[in-house]
Amino acid sequence: MRSQQVIFPLNFSEPSSFINHIKKFIRNYLKFFLVKYFFRKGLVLKDKGNLSGALYFFKQVIKIDSRNVNALNNLGVCCAEMGMYKEALNYFGKACAIKVDVDIIINMIVSAAKAGKKSIINYYCNKLENY
């Protein structure tokens with residue numbers, strides 16, 4: 001039995017456009033790989049209780065992909081667990097601005113309660129009720 005092979009024609013008018021296409025592909029692949037690697041490394045360190053190490057790796061994810069909601073949420077969690085509630089609220093706020101998510105909202109409310117920020121608690125409780 002013969003396997004079917006799909007061939008995509010590459011219509012590059014000159015060699016430099018082909019090289020640019022390959023460079024872009026490699027750059028995107030490298031970013032994808034690094035984001036995955038840094039995020040997983042951050043999770044492992046967070047699970048082991050190494051919060052400052054986890055912060056480093058989650059920040060590396062944000063340097064590459066500033067809209068990575070999972071990294072922003074985990075940055076907030078690490079900061080909150082370290083008692084850095086102002087920073088935690090900042091990260092949770094950025095994550096909520098990108099994607100409204102129940103877990104992030106709850107993290108925001110808990111951190112705001114620990115920081116004594118009643119207006120933030122009220123705002124996100126209302127957001128949670130309307131979710």
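**Exercise 1. Overall make-up**

How many helices and how many strands does the secondary structure of the chain come to?

*Solution.* This is a predicted model, in which local features need pLDDT of at least 70 and side-chain atom pairs count only at pLDDT 80 or more, while totals for chains, interfaces and linings use all residues. Residues are numbered from 1 along each chain as its sequence is written, and side-chain values use heavy atoms, with hydrogens and water left out.

Step 1. Helices (H or I, at least four residues) and strands (E, at least two) are DSSP runs, numbered from the N terminus. On that basis the chain has six helices and zero strands.

Step 2. The pattern along the sequence is α-α-α-α-α-α.

Step 3. Of the 131 residues in the chain, 32% are buried. Buried means under 20% relative accessible area, exposed over 50%, and partly exposed in between (1.4 Å probe, protein chains only).

Step 4. Contact means heavy atoms within 4.5 Å. Among contacts between residues at least 6 apart in sequence, 40% join residues at least 24 apart.

**Exercise 2. The core**

Describe the largest nonpolar core and the elements that contribute to it.

*Solution.* Step 1. A nonpolar core is a set of buried Ala, Val, Leu, Ile, Met, Phe, Trp, Tyr and Cys residues joined through side-chain atoms within 4.5 Å.

Step 2. The largest such core has 32 residues, and those touching the most other members are Phe 58, Val 61, Leu 75, Cys 78, Phe 92, Ile 104 and Tyr 124.

Step 3. Two or more residues of this core come from each of helix 1 (15–47), helix 2 (51–64), helix 3 (69–81), helix 4 (85–98), helix 5 (102–115) and helix 6 (118–129). Helix 3 gives the largest share, eight residues.

Step 4. Take Ile 104 as an example: not counting residues up to four places away in sequence, Ile 104 touches Val 69, Asn 73, Phe 92, Ala 95, Cys 96 and Lys 99.

**Exercise 3. Two helix pairs**

Work out how helix 4 lies against helix 5, and how helix 2 lies against helix 3.

*Solution.* Step 1. Two packed helices are described by the angle between their axes and the distance between the axes. Axes are lines fitted to C-alpha atoms, for helices over the stretch in contact, and angles run from 0 to 180 degrees between N-to-C directions.

Step 2. The axes of helix 4 and helix 5 come within 9 Å and cross at roughly 155°. Angles under 35 degrees count as roughly parallel, over 145 as roughly antiparallel, 65 to 115 as roughly perpendicular and the rest as oblique. Helix 4 and helix 5 are therefore roughly antiparallel.

Step 3. Residues of helix 4 that meet helix 5 include Leu 89, Phe 92 and Cys 96, and those on the helix 5 side include Ile 104, Met 108 and Ala 112.

Step 4. For helix 2 and helix 3, the axes come within 9 Å and cross at roughly 155°, so this pair is roughly antiparallel. Among the residues that meet here are Leu 55, Phe 58 and Ile 62 in helix 2, and Leu 72, Leu 75 and Cys 79 in helix 3.

**Exercise 4. Aromatic rings**

Classify the ring pair Phe 25 and Tyr 29, then the pair Phe 39 and Phe 58.

*Solution.* Step 1. Rings of Phe, Tyr and Trp (its six-membered ring) pair if their centres lie within 6.5 Å; planes under 30 degrees apart count as stacked, over 60 as edge-to-face and the rest as tilted. The whole structure holds six aromatic pairs.

Step 2. The ring centres of Phe 25 and Tyr 29 are 6.5 Å apart and the planes stand at 15°, so this pair is stacked. Phe 25 and Tyr 29 are four residues apart in helix 1, about one helical turn, and both are exposed.

Step 3. For Phe 39 and Phe 58, the centres are 5.6 Å apart and the planes stand at 55°, so the pair is tilted. Phe 39 in helix 1 and Phe 58 in helix 2 are 19 residues apart, and the pair links distant parts of the chain. Both residues, Phe 39 and Phe 58, are buried.

Step 4. One aromatic cluster is formed by Tyr 37, Phe 38, Tyr 56 and Phe 57.

**Exercise 5. Three single residues**

Which of the words buried, partly exposed and exposed applies to Gly 76, to Asp 65 and to Glu 81?

*Solution.* Step 1. Gly 76, in helix 3, has 0% relative accessibility and counts as buried. Leaving aside neighbours within four places in sequence, Gly 76 is in contact with Ala 88, Tyr 91 and Phe 92.

Step 2. Asp 65, in the loop between helix 2 and helix 3, has 30% relative accessibility and counts as partly exposed.

Step 3. Glu 81, in helix 3, has 53% relative accessibility and counts as exposed. The C-alpha atoms of Glu 81 and Leu 51 are separated by 8.0 Å, with the two residues 30 apart along the chain.
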